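Here is a short report on one protein model. Keep the sequence and the 3D view open while reading.

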Amino acid sequence: MKKNILVIGYGNIAKRHILNIKNIYPNYFIDVLKKKRIKNKDKHVRNFYFDKNDINKLNYDFVFICSNTNTHFLYLNLFSDTKAKVFVEKPILNKNDEIKKTINFRDSFKKNVTVGYVLRFHPVI
């Protein structure tokens, strides 16, 4: 079954996620939402978007939020009412007011959000 994936951001970490997805699931469709309006060519990416209003947020099965931390809250809220499973790179949030709002709506949030964390520097490892 082909799935639709949206990767938000197009830095090194986002590009690594794209390559990993394509290696594991070569038939999945990947779109990228990025800030810089530079046209990129990437054989793994179906579409590049530059504005969140240009995407149909209901089309995606998975969303990888790999943008700057100060935009994570915006995208978490944007996809909170969709079927998409959401993966967010760490740190998930960096502003106290966003953290408080997130704590307040966590019980009404209808999905699990996965947060990426590299354990390479963990003392146990």
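In which sense do S1 and S2 pair, and over how many bridges? The two strands pair in the parallel sense, over five bridges. This is a predicted model, and every value below is computed from it.

**Overall layout**

The protein has three helices and six strands. Along the sequence they follow the pattern β-α-β-β-β-α-β-α-β. Of the 125 residues, 38% count as buried. Among contacts with a separation of 6 or more, 56% join residues 24 or more positions apart.

**Strand pairing**

The table lists the pairings of S1, S2, S4 and S5 described here, each with one facing pair of residues.

| Strands | Sense | Bridges | One bridge pair |
|---|---|---|---|
| S1 and S2 | parallel | five bridges | Ile 8 and Leu 33 |
| S1 and S4 | parallel | four bridges | Val 7 and Phe 64 |
| S4 and S5 | parallel | four bridges | Phe 62 and Lys 85 |
| S2 and S3 | parallel | three bridges | Leu 33 and Tyr 49 |

Start with S1, residues 4-8. S1 pairs with S2 and also with S4. Asn 4 of S1 stands opposite Phe 29 in S2. Leu 33 has Ile 8 as a bridge partner, and it also has Tyr 49 as a partner in S3. S3 covers residues 47-49.

Two crossovers tie helices to these strands. S1, H1 and S2 make a right-handed β-α-β unit. S4, H2 and S5 make a right-handed β-α-β unit too.

**How covered are the strands?**

S1 is mostly covered, with five of its five residues buried. In a regular strand, side chains alternate between the two faces of the sheet. Asn 4, Leu 6 and Ile 8 point one way from S1. Ile 5 and Val 7 point the other way. All of these residues are buried.

S2 has four of its five residues buried, so it is largely enclosed by the rest of the structure. S5 also has four of five buried, so the rest of the structure largely encloses it.

**Helix H1**

H1 runs over residues 12-24 and has 13 residues. From first C-alpha to last it reaches 18 Å, close to the 18 Å expected at 1.5 Å a residue. Which residues of H1 are buried? They are Ala 14, His 17, Ile 18, Ile 21 and Lys 22. These residues lie on the same side of H1, because they cover an arc of only 130° around the axis.

The face turned away from that buried side carries exposed residues: Asn 12, Arg 16, Asn 23 and Ile 24. On the buried side, the cover includes strands S1, S2, S4 and S5.

**Two nonpolar cores**

In soluble globular proteins, nonpolar side chains tend to be buried together. The largest nonpolar core here has 16 residues. Which members touch the most others? They are Leu 6, Ile 8, Val 63, Ile 65 and Phe 79. S1, S4, H2 and S5 each supply at least two residues of this core. H2, residues 72-78, gives the most, with four residues.

A second, separate core has 14 residues. Among its members are Val 7, Ile 21, Phe 64 and Phe 87. Recall that Val 7 and Phe 64 are bridge partners, and that Ile 21 is one of the buried residues of H1.

**Two residues to look at: Ile 8 and Ile 65**

Leave aside neighbours within four places in sequence. Ile 8 is then in contact with Leu 33, Val 63, Phe 64, Ile 65, Cys 66, Ser 67, Tyr 75 and Phe 79. Leu 33 in that list is also the bridge partner of Ile 8 in S2.

Ile 65 sits in strand S4. Is Ile 65 buried or exposed? Ile 65 counts as buried because its relative accessibility is 0%, and the cut-off for buried is under 20%. Not counting residues up to four places away in sequence, Ile 65 touches Ile 8, His 72, Tyr 75, Leu 76, Val 86, Phe 87, Val 88 and Glu 89. Ile 65 and Val 115 are 50 residues apart in sequence. In space, their C-alpha atoms are 9.4 Å apart.

Technical notes
Residues numbered from 1 in each chain as written. Predicted model: local features only at pLDDT ≥ 70, side-chain atom pairs only at ≥ 80, totals over all residues. Heavy atoms only, no water. Expected span 1.5 Å × (residues − 1). Buried < 20%, exposed > 50% of the residue type's maximum accessible area, 1.4 Å probe, protein only. Arc of directions from axis to C-beta. Contact = heavy atoms within 4.5 Å. Core = buried A, V, L, I, M, F, W, Y, C linked by side-chain atoms within 4.5 Å. Pairing = 2+ DSSP bridges. Right-handed = clockwise from strand over helix to strand, strands pointing away.
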